[in-house]
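Trainee: I should like to work through this model with you, from its overall makeup to its local backbone features. May we begin with the structure itself?

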Amino acid sequence: CYKRAVAKANALVYEACEYSSLSQEDLELFPLPESVPVALISRYPEEDLELFPLPESVPVFCLPMGVAVESWPLNTKYQLPVFSTFVLTSASGDKVYGAAIQFYESFPRELLSERQSVRLGLLSVVDRRPITNRSLQAKKSICVLSHWPFFTVFQKFLTFIYRYSISGPHVLPLEKHISSFMHNVPFPSPQRPRILVQLSPYDNLLLCQPVSSPLPLSGASFLKLLQNLGPENACTLLLAVLTEHKLLLHSLRPDVLTSVSEALVSMSFPLRWPCPYIPLCPLQMAEVLLAPMPFIVGVHSSYFDLYDPPADVVCVDLDTNTIFQSEDKKPLSWRSLPRKHGKMLFNTLTNLHKTLEKICTPGQEEATLEFLLTDYDQIYRRQKQLELEIQEAFLRFMSCLLCGYRTFLLPITQAPSDTATDCSSLFHLQGFLKSRDRTQQKFYSQLTRTQMFTQFIEECSFVSDRHTCLEFFDECVQKVDVEKPEEVRLIDLDESHGGEHTVFIMPPEEPQEPDGSECPALYSYETFPTLRTELFERPQDKLRPPAKGSAPSSPAPRRTKQEIKLAQKRAQKYSAVPDMWSKCLLGHCYGLWFIYLPTFVRAESAKVRSLHAAYDVLKHMENRKVVLPDEVCYRILMQLCGQYGQPVLAVRVLLEMKKAGITPNTITYGYYNKAVLESKWPSTSQGGRLRWAKLRNVLFAVAQFRQPIKRRQKSGSVGSRGEVMMEADLRLRPHSTLIRQSSWSGLSESSSHESLTGPLVKSNSLNSMKASTDKVKLSRKTVLHNTAPHGCNDTVSSKPPMGRRDTSTPPLMPPGGVLVRRSQVCLSNFYKECAEAADSDPDCSCQPADRDG
């Protein structure tokens, strides 16, 4: 009783496509005259807008079951128009929401061939005698496309347009009402939250401001989801979506298909459905059900009169609230969800379902102006609140399900390889699974193997257009990390700018005769007319697209809404404590400085030096325990590191951020990975800076090993005075630390950047250092010769002052007495001259007797 046959005896069905796309066999069997189009008849506006081109597949979705020409008995009851909705997704991921109504209208017999008339029962088979007790009807459709899912409003407008076409005569043409709705009705805003449109003295509609929520926009109706499926089946379908099953929804109500399908893909937020998704699938695209991949597809119930669904597809009947599954596999059950979180979700939906049965009563009429301004506003508020509570129940479940996931994200800390962007390199999967209860391992193993989870990790690791939504989800994860997460409110409506102001839009004015009398009614239609361009009312002020580049495209230099709210709460908390309030103000000053850092770096000639100065400011802030309002300071510096090719510095900024106890949010983490992934890393081969660092470490090590030998030699010759001089020599020589080398940067976290930025000049001659070497030998002998006559007092008096050495003063002289710059060292004759110095100076060699000494 819930199915209606589509293979009718007296009907011709054609695909809703371009006439040229029909096969030659179809044209020969049932030739369709050129005056009977099976595709787009007319449109407004006539040309595509730059930001909103008309999708080519619109006719197919407006008539998903095809274009039908049918013959009915004369006493057949007239069928009411059928309202349907659909969603089109572009290649960039932008959604276009469509609302359409399908209706039948009379079709002239003269346009049919003899063979078609016989097929439709309009001619007798034997003598070709006309049958006059039957009428000929053809199916048509009109629709509205928008980037906003105002399905209820569009249904009322399309119904008004259809009734206007079958009534009459009228003073104004149909085109005047269409252009008035398109150009004179403003979009609801906080200043005008309600728009009351008077279409005629008896028809009106009300547009209300969409709910201000950080959740992504969709045409979902969680009320219809819970109303048509109930708590148990809703939880079961959530399990099917999270484990990526093949879902086929069907109903005799096309508008319910779209609303429930949109709710199914929205309930798994922040996971996004990456597989085929067709809320209202046309009959000619039914081959998608044979795809070897998960999908969510909605079809009219008449589909089952023509085809049988595949065995591995889960069929959901929205009219009878029934889920049909294959007998070969284990049936899905909501009890397979994590026990604690699943039970909490089921109990919440059960209580909301009871409330829904009391509030939503079918058959509510909203035609009168009095009802719109009194009862409807109250009912709309109650339904909107209940809609958000259902959505919040699913959001709370997903927040508990993925709680603590950011702890297992793996940042890129070395030069990226071919597998650096793999999910296994970005997320510590085994650690995440071990952090869950043993009884939940099977479910989490299935979840982490889905395409949704892999896409979610990639969106959290890199810059994404969903950064605002993901940041909101991270805030929800922090809120539910309590003992009783069911008592926490996750969606806070922003009603600070809301008001009771209502804007009235009057219908188009009817023209009058020069003498003031009414104009005659000249417009009457037998069928829905083909729109005439000259009858449309042109808008006086054309909408101008927003200027490109008016706002920065990158969110890095700006604070998000969540960060602004967090900063405001923290300021209110610290305002009562003078000490903390002063630190809070200081943190905001630092934040303003970093916001203007991109301009400062752009104006400086030494870009890299400016970045290192900003990094020093960050370390200074950490040492002074400055209370930062948010992460904007770190995020801006990370983005600049990627812009100017400094991935090593970006890694150091991340380490400083973690040292300060700050976990980067989705936006900051995405810009960090972008900086280290797209920038050119320093070479890790054996050359350049790494070789000089190794040579320096070897020389320092040799010098450290020689110190005990020299002290033994001097102690044997000078006695007690030598001991004093040795202590003075230790105080004189600063401690030299070795530079630890790492594979990702060549530097350790604690090593200074300036340690490898000294002048390194390659010598062009083998004898370029001969004079300098002679000076070194002579000065070494002079210092050793003059050390003994002087006493201990002279040695002690040369000791530098204790404390941190001022970098502005020249460096201390080495014990040899002569400072040799790195640019004066040539590796080609280094070993040769060291050997000569060892032969001429017995102190520079280590004899075996001295070791035993």
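Mentor: Before the first figure, a term is needed: a contact means heavy atoms within 4.5 Å. Please also bear in mind that the model is predicted.

Trainee: Among contacts between residues at least 6 apart in sequence, what percentage join residues at least 24 apart?

Mentor: The protein contains 28 helices and 13 strands, and buried residues make up 43% of its 853 residues. Among contacts between residues at least 6 apart in sequence, the share that joins residues at least 24 apart is 75%.

Trainee: How much area does the protein expose?

Mentor: Carbon and sulfur atoms supply 54% of the exposed area. The total that the protein exposes is about 47,300 Å².

Trainee: Is helix α20 largely enclosed or largely open, and how many of its residues are buried?

Mentor: Helix α20 covers residues 632–643 and reaches 16 Å from its first C-alpha to its last, close to the 16 Å expected. Buried means under 20% relative accessible area, and among the residues of α20 that are buried are Val-632, Tyr-634, Arg-635 and Gln-639. The cover over the buried residues includes α16, α17, α18, α19, α21 and α22. Helix α20 is largely enclosed by the rest of the structure, because the number of its 12 residues that are buried is 10.

Trainee: How are α20 and α21 oriented to each other?

Mentor: Two packed helices are described by the angle between their axes and the distance between the axes. The axes of α20 and α21 come within 9 Å and cross at roughly 165°. Angles over 145 degrees count as roughly antiparallel, and α20 and α21 are therefore roughly antiparallel.

Trainee: Which residues of α20 meet α21?

Mentor: The crossing of α20 past α21 is left-handed. On the α21 side, the residues involved are Leu-649, Ala-650, Val-653, Leu-654, Glu-656 and Met-657. Those of α20 that meet them are Tyr-634, Leu-637, Met-638 and Cys-641.

Trainee: What covers the buried residues of α14?

Mentor: Helix α14, residues 451–461, is mostly covered, with eight of its 11 residues buried. Among these buried residues are Met-452, Phe-453, Phe-456 and Glu-459. Their cover includes α6, α11, α13, α15 and α22.

Trainee: Which residue does a cis peptide bond join to Tyr-44?

Mentor: Most residues other than glycine have a negative phi, and most peptide bonds are trans. The bond from Phe-269 to Pro-270 is cis, with omega near 15°, and Pro-270 is in the loop between α7 and β9. The cis bond at Tyr-44 has omega of about 0°, and its partner, in the loop between α1 and α2, is Pro-45.

Trainee: Is Glu-244 buried or exposed?

Mentor: Glu-244 lies in the loop between α6 and β8, and its phi is near 55°, a positive value in a residue other than glycine. The relative accessible area of Glu-244 is 12%. The cut-off is under 20%, so Glu-244 is buried.

Trainee: How does Asn-321 count at its relative accessibility of 33%?

Mentor: Asn-321 is in the loop between β11 and β12, and has a positive phi of about 55° although it is not a glycine. Values between 20% and 50% count as partly exposed. At 33%, Asn-321 is therefore partly exposed.

Technical notes. Residues are numbered from 1 along each chain as its sequence is written. This is a predicted model: local features need pLDDT of at least 70, side-chain atom pairs count only at pLDDT 80 or more; totals for chains, interfaces and linings use all residues. Side-chain values use heavy atoms; hydrogens and water are left out. Helices (H or I, at least four residues) and strands (E, at least two) are DSSP runs, numbered from the N terminus. The expected span of a helix is 1.5 Å times one less than its number of residues. Buried means under 20% relative accessible area, exposed over 50%, partly exposed in between (1.4 Å probe, protein chains only). Accessible areas come from the Shrake-Rupley method with a 1.4 Å probe; for residues, only the protein chains shown count as cover. Axes are lines fitted to C-alpha atoms, for helices over the stretch in contact, and angles run from 0 to 180 degrees between N-to-C directions. Angles under 35 degrees count as roughly parallel, over 145 as roughly antiparallel, 65 to 115 as roughly perpendicular and the rest as oblique. A crossing is left-handed if the near helix is turned anticlockwise from the far one by less than a right angle, and right-handed if clockwise.
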